[in-house]
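Student: I am new to this structure. Please take one small part and look at it closely, then show me how it sits in the whole.

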Amino acid sequence: MTDTTVAIRQARASDAAGMARVHVQSWRSTYPGLIPAQFLVNLSEPPAAQRWAAIAETRGPGQGAFVAEDVAGRIAGPGAIVGIASFGTRRVAVEGHAGEFHALYLLDDAKGYGIGRRLMAAMADRFLADGIRSAAVWCLRDNPSRWFYERLGGIKVAERPIRFAGSDLVEIAYGWRDLTPLARLSAGPEVR
């Protein structure tokens with residue numbers, strides 16, 4: 001697979017259904033055993049699409065969303081959304097980190113091609129363009145994908161207990177005090 005197979009671009013409201021599909025499918029494949037099964041069963045694409053349409057329409061310094069689009073149709077069909085990412089202001093303060101990576105989800109078939117890395121690089125690049133030099137991401141401590149952030153240079157900077165869907169869980173934050181190296185990890189010319 002080449003870099004031209006999947007394009008990273010700014011999300012549009014018209015992408016909402018595809019974004020919701022990625023969100024729901026990725027949660028159902030990533031979180032069994034971590035969060036209550038009934039919560040995963042009850043996930044629904046229409047409400048998720050409404051939320052993602054609003055997120056895609058969010059514009060402003062240091063906030064927005066990107067999608068990974070299967071241009072060549074080699075993963076999920078021509079034009080299919082196979083990955084999504086959103087970023088913005090901190091929802092939970094992490095000292096020394098001005099921005100927050102809110103979400104990064106990929107379809108299982110899209111993993112292993114560098115798409116997540118490219119989405120993170122696109123968000124870091126946008127933060128830097130808007131004068132935000134540092135950011136953090138929160139993820140479940142038991143999420144098997146959390147090591148991805150360490151491979152991208154994220155350093156564990158915080159931990160907190162949370163209550164989610166009736167369960168007591170622990171989240172950890174990975175941070176980048178300087179987003180420049182992350183932005184250089186191939187935001188690439190295909191970001192538009």
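Tutor: Here is a close look at one glycine, followed by the chain around it and one loop residue.

Keep in mind that this is a predicted model. Start with G116. This residue lies in helix α4, which covers residues 115-129. Is G116 buried or exposed? Its relative accessibility is 5%. The cut-off for buried is under 20%, so G116 counts as buried.

Which residues does G116 touch beyond its close neighbours in sequence? Set aside those within four places, and G116 is in contact with L104, L106 and F148. Now step back along the chain to H97. H97 and G116 are 19 residues apart in sequence. Their C-alpha atoms are separated by 21 Å.

Next, the frame around that helix. The protein chain has six helices and seven strands. Read from the N terminus, their order is β-α-α-α-β-β-β-α-β-α-β-β-α. The radius of gyration is 16 Å, close to the 16 Å that the globule rule gives for 192 residues, so the chain is as compact as a globular protein of that length. Along the principal axes, the C-alpha trace spans about 40 × 40 × 30 Å.

G116 is one of the buried residues. Buried residues make up 50% of the 192 in the chain. Long-range contacts matter for the picture too. Take the contacts between residues at least 6 apart in sequence: 68% of them join residues at least 24 apart.

Now the outside. The chain exposes about 9,100 Å², and carbon and sulfur atoms supply 51% of that area. As for charge, there are 23 positive and 19 negative charges. Their mean positions are 1 Å apart.

A record adds a label. An unreviewed UniProt entry places the feature "domain: N-acetyltransferase" at residues 6-181. In the model, that span is 32% helix and 36% strand. Its end C-alpha atoms lie 22 Å apart.

Finish with A165, found in the loop between β6 (155-164) and β7 (167-176). What is the sign of phi at A165? The value is positive, near 50 degrees, and the residue is not a glycine. Most residues other than glycine have a negative phi. A165 has a relative accessibility of 37%, so it counts as partly exposed. G116, by contrast, counts as buried at 5%.

Note on methods:
Residues are numbered from 1 along each chain as its sequence is written. This is a predicted model: local features need pLDDT of at least 70, side-chain atom pairs count only at pLDDT 80 or more; totals for chains, interfaces and linings use all residues. Side-chain values use heavy atoms; hydrogens and water are left out. Helices (H or I, at least four residues) and strands (E, at least two) are DSSP runs, numbered from the N terminus. The radius of gyration is taken over C-alpha atoms; the globule rule is 2.2 Å times the number of residues to the power 0.38. Buried means under 20% relative accessible area, exposed over 50%, partly exposed in between (1.4 Å probe, protein chains only). Contact means heavy atoms within 4.5 Å. Accessible areas come from the Shrake-Rupley method with a 1.4 Å probe; for residues, only the protein chains shown count as cover. Lys and Arg count as positive and Asp and Glu as negative; His and the chain ends are not counted. The place of a charge is taken as NZ of Lys, CZ of Arg, CG of Asp or CD of Glu. UniProt positions are given in the numbering used here, feature names are shortened, and annotations may be inferred rather than shown by experiment.
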